[in-house]
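Reader: I am in my first year of study and should like to learn how to read a model of this kind. Please choose one part, describe it closely, and then show me how the remaining parts may be read in the same manner.

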Amino acid sequence: MKFFSETNLNGLKNAMQMKLAKKGEYLFWEGEPADRLFYVFQGGVRITKTSEAGKSLILHLYQTGDLFGQIDPFQNSVQNFSAEVTADCKVGVIMRKDLEELLQQHSDLAIEFMKWMGLMHRMTEAKFRDLMMYGKPGALCSLLIRLGNSYGVPSGEHTLIDYKLSNAEMADMIGSTREGVNRMLSEMRKEDAITYRNGQIVIKNANYLRNICHCENCPLEICRM
């Protein structure tokens, strides 16, 4: 949490209630009151949005050390997304009223919190840009770049994405189909932009991916999952 000083982050943690959740459970659903934030102490969570046709779109992947949630300035706002646990989780939950009290008492925390909210909005805007502007190939290339930034580990001159996703899950992240993702990944492999190692994707030519998605060289804080 680079946007929060150690002192302010500890203040937030001290105001949190601990919650344990198993893989497959939901921390919240679309339509529920948006009156709390979540901090991942351990595990993983993905944020999803369901279309009118019933198709699920995966928007964010959160891991240890991430703060997430929706708190609007309107008291009766509801969740626009759902949060599914992808790995057994220990999360901290801070309620709106407790957060507001902390922000009133600590002006430096209030400034850091505004920066964090701005970052979250920019991340969401950037992802919708990727989905809408340059077609499915551009969206998939952007997804691979984000996965590399969030879960990548050096592998010689290349980057191994140390996070296993099925092609169906990647399709849900870009609004495509499993078959469509299969074809696009096969084409990238033919172009020697990616390869596979033990079922995980290795990025061999990041510039190829950047060219396809018209990469704007966003900061790593934004170009992540």
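Author: A strand is here a DSSP run of E with at least two residues, and strands are numbered from the N terminus. The model is a predicted one, and the part I have chosen is the surroundings of His-158, a residue of strand E8.

Is His-158 buried, exposed or partly exposed? Its relative accessible area is 25%. Buried requires a value under 20% and exposed a value over 50%, so His-158 counts as partly exposed. Leaving aside residues up to four places away in sequence, His-158 touches Val-153, Val-202, Ile-203 and Lys-204. A further residue to locate is Ala-206, 48 residues from His-158 along the chain; the two C-alpha atoms are separated by 8.7 Å.

The strand itself comes next. Strands of a sheet pair through backbone hydrogen bonds, in either a parallel or an antiparallel sense. Strand E8 (residues 158-161) pairs with strand E10 (residues 200-203) over 2 bridges, in the antiparallel sense. Thr-159 has Ile-203 as its bridge partner in E10.

This pairing belongs to an open sheet of 4 strands, whose order is E7-E8-E10-E9 and whose pairing is antiparallel. Strand E7 (152-155) and strand E9 (194-197) are found at the edges; each has a single partner strand, so one side of each has no neighbour in the sheet. On average, and with direction ignored, neighbouring strands of this sheet are turned by 35 degrees against each other. Helix H6 (residues 178-190) packs on the sheet and touches E9 and E10, its direction making about 105 degrees with that of E9.

A helix may be read in a similar way. In helix H1 (residues 6-14), the residues Asn-8, Leu-9 and Leu-12 are buried. The buried residues of H1 fall within an arc of 100 degrees when seen down its axis, so they line one face of the helix. In general, an α-helix has 3.6 residues a turn, so residues three or four places apart point the same way. Glu-6, Thr-7 and Asn-14, on the other side of H1, are exposed. The cover over the buried residues of H1 includes two strands, E3 (36-50) and E6 (82-95), and two helices, H2 (96-105) and H3 (107-133).

Between H2 and H3 there is a loop that holds His-106. With a relative accessible area of 35%, His-106 is partly exposed. Its C-alpha atom is separated by 9.9 Å from that of Gly-11, although the two residues are 95 apart along the chain.

Finally, consider the aromatic rings. With centres required to lie within 6.5 Å, the count comes to 7 aromatic pairs. The rings of Tyr-62 and Phe-68 have centres 4.8 Å apart and planes at 10 degrees, so this pair is stacked. Tyr-62 is buried, at 7% relative accessible area, and Phe-68 is buried as well, at 1%. Ring pairs link these two residues with Phe-28 and Phe-38 into a cluster. Rings also take part in contacts with charges: the charged end of Lys-49 sits over the ring of Phe-81, 5.8 Å from its centre. Lys-90 lies over the face of Phe-41, at 5.8 Å from the ring centre.

Conventions: Residues numbered from 1 in each chain as written. Predicted model: local features only at pLDDT ≥ 70, side-chain atom pairs only at ≥ 80, totals over all residues. Heavy atoms only, no water. Buried < 20%, exposed > 50% of the residue type's maximum accessible area, 1.4 Å probe, protein only. Arc of directions from axis to C-beta. Contact = heavy atoms within 4.5 Å. Pairing = 2+ DSSP bridges. Axes fitted to C-alpha atoms, helices over the stretch in contact; angles between N-to-C directions. Phe/Tyr/Trp six-rings, centres within 6.5 Å; stacked < 30°, edge-to-face > 60°. Lys NZ or Arg CZ within 6 Å of the ring centre and 35° of its normal.
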